[in-house]
Amino acid sequence: MIINQKYMKIAVLVKQVIGSESALEISSDQKWIDESNATFVMNPPDNYAIEEAMQIKEKLGDGEVVIVSMGPQRVQKVIREGLSKGADRGIHIETQESKNIDPLEVAKNICHSIEQENFDLILSGLQSDDTGMGQTGVLIGELLNMSTATLAIETDIDQETIKVKRELESGWFQWVTLDSPSSVSIQSGINQPRYPSLKGIMGAKKKEIKVIAASIEDSKQNLDKIFVPQKSKETEVIDTDVDASVDRIVDILRSEIKAF
Amino acid sequence: MNILVIIEHKNGVMHRMSKEAIAGAQKIGGNVTALVIGENSDSITDELSSFQIEKTLLVTNEKVTSYNVDGYKEIILQIVKVVNPEFIITGHTYQARDFMPRLSASLDIPFIPDLVSVENSSFTKQIMNSKLNASISSSSGPVLISFQSASFSEENISKGSSPLEKFEVSLDASNIRSTADEPFQESASEVDLESAELIVSVGRGIEKEENKSIAFDLAEVLGAEVSASRPVVDAGWLPSSRQVGSSGSTVSPKLYFSLGVSGAIQHVVGMKGSKNILAINKDPDAPIFEIADYAVVGDLLDIIPKLIEKLKDL
Ligand SMILES: Cc1cc2nc3c(=O)[nH]c(=O)nc-3n(C[C@H](O)[C@H](O)[C@H](O)COP(=O)(O)OP(=O)(O)OC[C@H]3O[C@@H](n4cnc5c(N)ncnc54)[C@H](O)[C@@H]3O)c2cc1C
């Protein structure tokens, strides 16, 4: 029996972001966050994109998963993380500074670096936890003349077709059938991302990460200033020891909100 | 200055955020053209005709009877050529997330999404999961922008009267590279959050699945329903029928008691209409405190068990 396997070449776009536990100090030029005390993590939605790529490859029986990330030297950590979860190799588009770049510039750089690869599928997390622009995967799809879909919450990919279930608002969904090649952004919750195994971590050290220098030409959108949002509502802050807080909550529930 | 607002509609109803986009466009000021694409849109164009805008353009084409990303892109590109807008505006809806970046790459102009305000060509957007704001400017001429839910109010739309024009487009079928099935809803939910009077809501701050019993115990003594933020649902700790937010339910109970929810905008849009918001979070800068009536700074794992005991003793 001949099993008709499809070799699918998948790129997963990942970003390294400041972890949610990091203190967010605004930098002295007020243009970004002081990164000197920050811890960096894989953008959480991107974990789901990596997992989905791995599952697609495993289901089809053959293929290649390539982790692609743009940023300074430090982003190789998240590429390695992807490799330790089973991805085959990495591409690092290296920038000199850790600066926010216009998404269109990022997309053009990534396109330039991956165009020759002819990926069948590009997966990305739906947006990043830092700037939340939510567009890089789709921009690349357009620039490389691929079909696109966003917010996929299930994929159904076989020899012939790429089908994704898109999440719509308020609990609605829709299946979309896409021509290949395609760039799809993945909604969080689509799967349960795996943890790297010890073997995976050891194996990742030997896998290739190709480094390509970024070339930033003109940024059309610029982040001018970061600031703490102004509060619009009057809030009673209860910041006391546990017992006093409990007493105050009981009081609020009973006398002010009249919850019982 | 010309402004193009792209209207979203479903089953003959205009998306609330498209009206907010009109209000935002009027505030920016200029000749506002509204674009409606697709069938079953009489009530939409009627409503638009009562707004003080330049005109409404209606495009119907047998190749794009309902939303399709490739079709929308092709149509809007043709409209952009005739309208010549400085701003192309939408609400920051799921649909806008889907097609606006395609336009951005195709037109080679920035898409600055999810804005909370626009002031003299400076665009303000939340970053770091709503913890900070950023001012963004563009050095391009025209820009694509989208507004976060409730950044503008449809009540502020200036009324007037405006004409409707039909606009013919020609589409090349080979440019349409995706086909969509009918939208559907998943099976009915086991809980009715929308009519709950009291809600205890858990976020990732409960840390472990087994800690969800704390929320259920508290809900039991209060006679409340339990809801959750998305990561709690994504982790499989609670079913999606309990999720509050832009991809879950919208609730407005008498009490929304949140435990370890950070207050990202996608959660907040689903609960900010609550009459009383009591939030517990160990981070004094958590964005949920911005909209809370009562902000309890502390560890929920310490506070809630004691609170349950106290409430039981009453
Ligand atoms: C298109 C889209 C749709 C989305 N739809 C939704 C949606 O419908 N609903 C939704 O909720 N989210 C949605 N999200 C996700 C949203 O952006 C946030 O990621 C999510 O709401 C965060 O959930 P959280 O507050 O539980 O977790 P986190 O952001 O991780 O916050 C956990 C909080 O718990 C606090 N904490 C931790 N430990 C303790 C403790 N012991 N005691 C007290 N406090 C503690 C922390 O300080 C933190 O503030 C969506 C995102 C996108 C992009």
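Modeller: Two strands are said to pair if DSSP finds at least two bridges between them. With that in mind we can start from strand β5 of chain B, remembering throughout that this is a predicted model.

Colleague: Which residue in β11(B) stands opposite L57(B)?

Modeller: The residue opposite L57(B) is E165(B), and this fits a wider pattern, since β5(B) and strand β11 of chain B, residues 164-166, pair in the parallel sense over three bridges. β5(B) also pairs in the parallel sense with strand β4 of chain B, residues 31-37, here over five bridges, and within that pairing L58(B) is the bridge partner of V36(B).

Colleague: What kind of unit do β4(B), helix α2 of chain B and β5(B) make?

Modeller: Together, β4(B), helix α2 (residues 42-49) of chain B and β5(B) make a β-α-β unit that is right-handed.

Colleague: How should I read the side chains along a strand, and which way do those of β5(B) point?

Modeller: In a regular strand the side chains alternate between the two faces of the sheet. In the present case K55(B), L57(B) and V59(B) point one way from β5(B), while T56(B) and L58(B) point the other way. A residue counts as buried under 20% relative accessible area, and five of the five residues of β5(B), which spans 55-59, are buried, leaving the strand mostly covered.

Colleague: Let us turn to the interface; how much area do chain B and chain A bury between them?

Modeller: The size of an interface is often given as the accessible area lost when the parts come together. Here chain B and chain A bury about 7200 Å² between them, with 54% of it on carbon and sulfur atoms. Of the area that chain B buries against chain A, 10% is supplied by Y94(B), M128(B) and R177(B), more than by any other three residues. Counted by residues in contact, the interface involves 81 residues of chain B and 86 residues of chain A.

Colleague: How many salt bridges are there between chain B and chain A?

Modeller: The count between the two chains is nine salt bridges; for example, D243(A) forms one with K306(B), where the closest N and O atoms are 3.3 Å apart. Polar contacts are tallied separately, and there are 46 residue pairs in polar contact between chain B and chain A, with both residues at pLDDT 80 or more. On the side of chain B that touches chain A, the largest share, eight residues, comes from helix α4 (residues 94-107) of chain B.

Colleague: What does the count of salt bridges come to over all chains?

Modeller: Over all chains the count comes to 33 salt bridges, and it helps to ask of each pair where its two residues lie. K165(A) and E154(A) form a salt bridge with the closest N and O atoms 3.5 Å apart; K165(A) lies in strand β8 of chain A and E154(A) in strand β7 of chain A, so the pair ties together parts that are eleven residues apart in sequence. K165(A) is buried, at a relative accessible area of 8%, whereas E154(A) is partly exposed, at 36%.

Colleague: Where do D70(B) and R177(B) lie in chain B?

Modeller: The side chains of D70(B) and R177(B) meet in a salt bridge at 4.0 Å, N to O. D70(B) lies in helix α3 (residues 69-83) of chain B and R177(B) in the loop between β11 and β12, so parts that are 107 residues apart in sequence are tied together by the pair. D70(B) counts as buried at 0% relative accessibility, and R177(B) counts as buried at 14%. A network of salt bridges links E142(A), D70(B), K73(B), E74(B), R102(B) and R177(B).

Colleague: For contrast, what separates D234(B) and R230(B) in helix α6 of chain B?

Modeller: About one helical turn separates them, because D234(B) and R230(B) are four residues apart in helix α6 of chain B, and their side chains meet in a salt bridge at 3.5 Å, N to O. D234(B) is buried, with a relative accessible area of 10%, and R230(B) likewise counts as buried, at 16% relative accessibility.

Colleague: To finish with an uncharged side chain, is N109(A) buried or exposed?

Modeller: N109(A), found in helix α3 (residues 103-114) of chain A, is buried, its relative accessible area being 5%. A polar atom of the side chain of N109(A) lies 2.8 Å from the backbone nitrogen of S215(A). Leaving aside its neighbours within four places in sequence, N109(A) is in contact with M70(A), I93(A), A214(A), S215(A) and I216(A).

Methods
Residues numbered from 1 in each chain as written. Chains lettered and ligands numbered in written order. Predicted model: local features only at pLDDT ≥ 70, side-chain atom pairs only at ≥ 80, totals over all residues. Heavy atoms only, no water. Buried < 20%, exposed > 50% of the residue type's maximum accessible area, 1.4 Å probe, protein only. Helix = DSSP H or I, 4+ residues; strand = E, 2+ residues; numbered from the N terminus. Right-handed = clockwise from strand over helix to strand, strands pointing away. Contact = heavy atoms within 4.5 Å. Buried area = accessible area lost by both parts, 1.4 Å probe. Polar contact = N/O pair within 3.5 Å; in protein donor to acceptor, adjacent residues only side chain to side chain.
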